[in-house]
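Trainee: I am new to this structure and would like to work through it slowly, one question at a time. Could we look at it together before we begin?

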Amino acid sequence: MAGMDECKERLELKKSVLPIQAWALAVGAIIGWGCFILPGTRFLPFSGPAASFLGLCIGAFAMCIVALSYGIMIKAYPVAGGAFAYAFASLGRIAGVVCGWGLALSYSCVIALNATAILLLTRFLLPGAFEVGHLYAVAGWQIFAGEVVLISCIIVFFAYMNYIGSDLANNIQLLLSMSLAVGVVALTVGSGVQEIAGVENLQPYFNEKQAGFISVITVVALAPFLFQGFDTIPQTAEEFDFCHSKSNILMIFSILCGCILYSLVLFAVAVIRPYPEMLAADYPWLTGTVSNMAFGKIGGIILSVPVLAGIFSGMNGYFIATTRILFSMGRSKFIPSWFERVHPKYNTPVNAIIFVLIFSLVAPWFGRPVLAWLTDTCALSAALSYFFSCYAAWKYVSLYKEEVTMPFAKTITLIGTLISIAAFLLLAIPGSPAAIGKESWILLVVWCVIGYFLYKKRSQELNAIPTEELKYMLFGEKNCPLLFKYTK
């Protein structure tokens, strides 16, 4: 009887997310600070304009295939949790723990990194304005009390916005995403119409120090990180106020929009002057310098609109996604039930929001380099979650092909699984163009050790829950199919 009582108390989130809000959630999560810094730090120095563009297109196409697998799983399991729920459905409890723990870290760190990116913008536009009250240095990054207060206030604002209702958070996300798109187009037009701008400035099209294929693969390998964000749509599937079959087009459209915005900023930076000369000048922020060339003294102010929109939409998007996965894990007892509490008035996952707020408030005290090391591990978590989702979709299609209307679904899900494995290996194998560094591996091992001990502490209670009851708490239906053999 206790188990049935628990089932009756299963909490659910309000269905309030509209299609355009889901699209804005994903685009805002895909495009963050990296869109405005990668052209000068990664794309042009290591690949060249044409190779970077090709790499972005190939990477976007690969992620679209992965997204189609997510679409199958959203229709089959329309609940909060995304890849965490799919991992459990296909491989069981341990897979759910691994995927959920990794995604919780991945999403939370993106919030923190976007928050600290604001400091790069303020140091460029308002040097010294917030660099007051020097505290200490971490890995060469100076920590100032003024900047800590600034970032903390912004994080609290987004937490409060999510706390008082998902409607407000989704509407602001839409506004931010639209501002981001308009600002990027303005930057591209402003750069492209300058008298000194010209297609000849894009030469050499490929990095002359390596084979063209390597130049392209260097960008393709970043695809799991560049386009991570489309998977925030599955995290809110339980809140869709529309048919779940629309999720496919929304995810694919968000990936394509992300590819276009990345490409436009890349073009804007590379076309205004010969980009090898720009790189040789070693400007602190190449995109900011280009904006000043295009618009004069107000260039930095104009650029701040899409940059802040990208940063804020990324923070808000991942705030929503992180709290949903923690809520889902709490509701299904994979982590303490404390995380499943829903606010009686606002119908938001209040305790999950409080946890993410506290975690994020730690970020400004550690400095951006440490967070960058940790965020490098997030790409691994993203690739792993892609694998769990694509594998689950392949397994679902294999067992319930009559339920799937997508043409060539089994082939698509198999290709998505292979893409996910390749993405993981490109990040994990030393010498790969996208291999993560030593510091990131150390932090990843530490996170895994913490996760292992937390799981061991909780495993006895988790394993004592009958699979049928666990299935109901996670998916809301006793008849929802699981894709692995189990005993009731």
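Trainee: Is asparagine 162 buried or exposed?
Mentor: This is a predicted model, in which local features need pLDDT of at least 70, side-chain atom pairs count only at pLDDT 80 or more, and totals for chains, interfaces and linings use all residues. Residues are numbered from 1 along each chain as its sequence is written, and side-chain values use heavy atoms, with hydrogens and water left out. Buried means under 20% relative accessible area, exposed means over 50%, and partly exposed lies in between, with a 1.4 Å probe and protein chains only. Asparagine 162 has a relative accessible area of 3%, so the word for it is buried.

Trainee: Which residues does asparagine 162 touch, not counting residues up to four places away in sequence?
Mentor: Asparagine 162 belongs to helix α7, residues 145–163, where helices (H or I, at least four residues) and strands (E, at least two) are DSSP runs numbered from the N terminus. A polar atom of its side chain lies 2.8 Å from the backbone oxygen of phenylalanine 158. Contact means heavy atoms within 4.5 Å, and, not counting residues up to four places away in sequence, asparagine 162 touches Ala169, Asn316, Phe319, Ile320, Thr348 and Ile353.

Trainee: How many residues of helix α14 are buried?
Mentor: Helix α14 covers residues 286–295, and its buried members are Leu286, Thr287, Gly288, Thr289, Val290, Ser291 and Ala294. Just after α14, glycine 296 takes a positive phi of about 80 degrees. The helix is largely enclosed by the rest of the structure, because the buried residues number 7 of the 10.

Trainee: Which helix gives the most to the largest nonpolar core?
Mentor: A nonpolar core is a set of buried Ala, Val, Leu, Ile, Met, Phe, Trp, Tyr and Cys residues joined through side-chain atoms within 4.5 Å. The largest one has 156 residues, and those with the most contacts inside it are Met63, Tyr77, Phe227, Phe230 and Phe475. With 14 residues, the helix that gives the most to this core is α4, residues 49–76.

Trainee: How many residues apart in sequence are the parts that phenylalanine 84 and phenylalanine 334 tie together?
Mentor: Rings of Phe, Tyr and Trp (its six-membered ring) pair if their centres lie within 6.5 Å, and planes under 30 degrees apart count as stacked, over 60 as edge-to-face and the rest as tilted. The structure holds 26 aromatic pairs; one of them joins phenylalanine 84 and phenylalanine 334 edge-to-face, at 5.1 Å centre to centre and with 85 degrees between the planes. Phenylalanine 84 lies in helix α5 (residues 83–91) and phenylalanine 334 in the loop between α15 (299–331) and α16 (350–362), so the pair ties together parts whose separation in sequence is 250 residues.

Trainee: Which residues form one aromatic cluster with Tyr396 and Tyr400?
Mentor: Tyrosine 396 and tyrosine 400 form a tilted pair, 5.2 Å centre to centre, with 35 degrees between the planes. Tyrosine 396 is buried at 9% relative accessibility, whereas tyrosine 400 is partly exposed at 24%. The cluster joins these two with Tyr77, Phe84, Phe88, Phe334, Phe475 and Phe484.

Trainee: How many disulfides does the count come to?
Mentor: A disulfide is a pair of cysteine sulfur atoms within 2.5 Å. Cysteine 390 is buried, at 0% relative accessibility, and the closest cysteine sulfur to its own, in cysteine 99, is 11 Å away, which is too far for a bond. By the rule above, the count of disulfides is 0.

Trainee: What is omega for the cis peptide bond between glutamine 203 and proline 204?
Mentor: Most residues other than glycine have a negative phi, and most peptide bonds are trans. Proline 204 is placed in the loop between α8 (166–192) and α9 (212–220). The cis bond that joins glutamine 203 to proline 204 has an omega of about -5 degrees.

Trainee: What is the phi of phenylalanine 408?
Mentor: Phenylalanine 408 is in the loop between α17 (368–399) and α18 (409–428), and with a relative accessible area of 67% it is exposed. Although phenylalanine 408 is not a glycine, its phi is positive, at about 55 degrees.

Terms used. Polar contact = N/O pair within 3.5 Å; in protein donor to acceptor, adjacent residues only side chain to side chain.
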